[in-house]
Amino acid sequence: MGGAMDLATSEGALIEGPALGPGDPAGKPRSLWSDAWRDLRRNPVFIISALVILFLVVIAIWPQLIASGNPLSCDLAKRQQGSQPGHPFGFDGQGCDVYTRTVHGARNSITVGVCATVGVALLGSVLGGLAGFFGGAWDAVLSRITDIFFAIPVVLGGLVLLSVVTSNTVWPVIGFMVLLGWPQISRIARGSVITAKQNDYVQAARALGASNSRMLLRHIAPNAVAPVIVVATIALGTYIALEATLSYLGVGLKPPAVSWGIDISAASGYIRNAPHMLLWPAGALAITVLAFIMLGDAVRDALDPKLR
């Protein structure tokens, strides 16, 4: 009985968090997440990137706040014209307002990036976590499946799979990204779970008779999720760039959908005569991708215990 009580005490101490630091208030143990949040609040890279992303999310949800026009309303008499009063970005090859289309293009790009990242993170974490926890045949089969998916070039796979899709919505593109994106997260989740399940508090919980589901959800998942969050945050910007690439190639979003990739593709033939058509959507895409990559780097630095 005494040994079991000692194990329970040891498990509880490890679960609650590390010991109090010299500057911690009494009764408030520090944890990885509280330390990470404290570091992020002091990181100017995180603050700037978070503000940019917040602005992009707001205009993606309510583009009419800063662009009241219709992105599909065009006037051929104004095609390729430059900046004018009320139209700061000029007009594209069809006479559509570039400013309005650039603002409204954020919705599809952000939607694809967020939904694809959530789908990839959930599917990859579940499959990789189960493989790392149970091992054996499940781990061997999943490892071979991930090897097969890693061998498929992403852009080439998109050209093949999406070329037969006629829908102009974001869901086929999101489904494609989830289909080919989960193996990376799966590998990371598998490695994190394998490392976490070797810790003493997990062995103590196992010795006390904790079920597999309790060990996974209570003890392993909270300590293995940090690398997944870091990679998913950085990958979000990559998925936005991938959507623009596929739309540029004509297999992603299709007109009349509004997308930065579609506008860049339409402007590529007029880069000498009307460079403004390419400059603004390409600039918006670059800023968005950079903001998410900077946010992921800041989160990685905050969650990496080796940098403390």
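Let me start in helix 2, residues 32-41, where Asp35 and Arg38 both sit, 3 residues apart, or about one turn of the helix. An α-helix has 3.6 residues a turn, so residues three or four places apart point the same way. In this model, which is a predicted one, Asp35 and Arg38 form a salt bridge, with their closest N and O atoms 3.7 Å apart. The two partners differ in their surroundings, since Asp35 is buried at a relative accessible area of 9%, whereas Arg38 counts as partly exposed at 27%. Asp39 belongs to this group as well, because Asp35, Arg38 and Asp39 are linked in a network of salt bridges, each bridge being a side-chain nitrogen of Lys or Arg within 4 Å of a carboxyl oxygen of Asp or Glu.

Helix 2 also holds an aromatic residue to look at while we are in this part of the sequence, Trp37, given that the helix covers residues 32-41. The structure holds 5 aromatic pairs, and in one of them Trp37 meets Phe46 edge-to-face, with 6.3 Å from centre to centre and 90° between the planes. Here Trp37 is partly exposed, with a relative accessible area of 47%, while Phe46 is buried, at 14%. Elsewhere, Phe89, Tyr99 and Trp280 form one aromatic cluster.

Let me step back to the whole chain for a moment. There are 11 helices and 0 strands, and of the 308 residues in the chain, 42% are buried. If we take the contacts with a separation of 6 or more, 70% of them are between residues 24 or more positions apart. The accessible surface of the chain comes to about 15,800 Å², and 67% of that belongs to carbon and sulfur atoms.

Now back to the charged pairs. The structure holds 8 salt bridges, and two of them, unlike the one inside helix 2, join separate helices. Asp263 forms a salt bridge with Arg101, the closest N and O atoms being 2.8 Å apart. Asp263 lies in helix 10 and Arg101 in helix 4, so this pair ties together parts that are 162 residues apart in sequence. Are these two residues buried or exposed? Asp263 is buried, with a relative accessible area of 11%, and Arg101, at 8%, counts as buried too.

The other pair is Asp139 with Arg190, whose closest N and O atoms are 2.6 Å apart. This pair also links distant parts of the chain, with Asp139 in helix 5 and Arg190 in helix 7, 51 residues apart. Asp139 is buried, with a relative accessible area of 13%, but Arg190 is partly exposed, at 26%.

That brings me to helix 5 itself, residues 136-150. At 1.5 Å a residue its 15 residues should span 21 Å, and the end C-alpha atoms are indeed 21 Å apart, so expectation and model agree. Which residues of helix 5 are buried? They are Asp139, Leu142, Ser143 and Thr146. Because these residues cover an arc of only 105° around the axis, they fall on the same side of helix 5. What do they pack against? The buried residues of helix 5 pack against helix 4 and helix 7, and the salt bridge from Asp139 to Arg190 runs between helix 5 and that same helix 7. On the face turned away from the buried side, helix 5 carries the exposed residues Ala137 and Ile148.

Staying with helix 7, residues 171-196, I would point out Ser192, which has its place in that helix. Ser192 is buried, with a relative accessible area of 12%, and, leaving aside residues up to four places away in sequence, it touches Ala224 and Pro227.

Finally, there are two backbone details in the loops. The peptide bond from Pro255 to Pro256 is cis, with omega near 10°, and Pro256 is found in the loop between helix 9, residues 212-248, and helix 10, residues 260-267. The second detail concerns Gln80, which has a positive phi of about 65° although it is not a glycine. Gln80 is found in the loop between helix 3, residues 44-61, and helix 4, residues 98-134, and this residue is partly exposed, with a relative accessible area of 22%.

Terms used. Residues are numbered from 1 along each chain as its sequence is written. This is a predicted model: local features need pLDDT of at least 70, side-chain atom pairs count only at pLDDT 80 or more; totals for chains, interfaces and linings use all residues. Side-chain values use heavy atoms; hydrogens and water are left out. Helices (H or I, at least four residues) and strands (E, at least two) are DSSP runs, numbered from the N terminus. Buried means under 20% relative accessible area, exposed over 50%, partly exposed in between (1.4 Å probe, protein chains only). The expected span of a helix is 1.5 Å times one less than its number of residues. The arc is that of the directions from the helix axis to the C-beta atoms. Contact means heavy atoms within 4.5 Å. Rings of Phe, Tyr and Trp (its six-membered ring) pair if their centres lie within 6.5 Å; planes under 30 degrees apart count as stacked, over 60 as edge-to-face and the rest as tilted. Accessible areas come from the Shrake-Rupley method with a 1.4 Å probe; for residues, only the protein chains shown count as cover.
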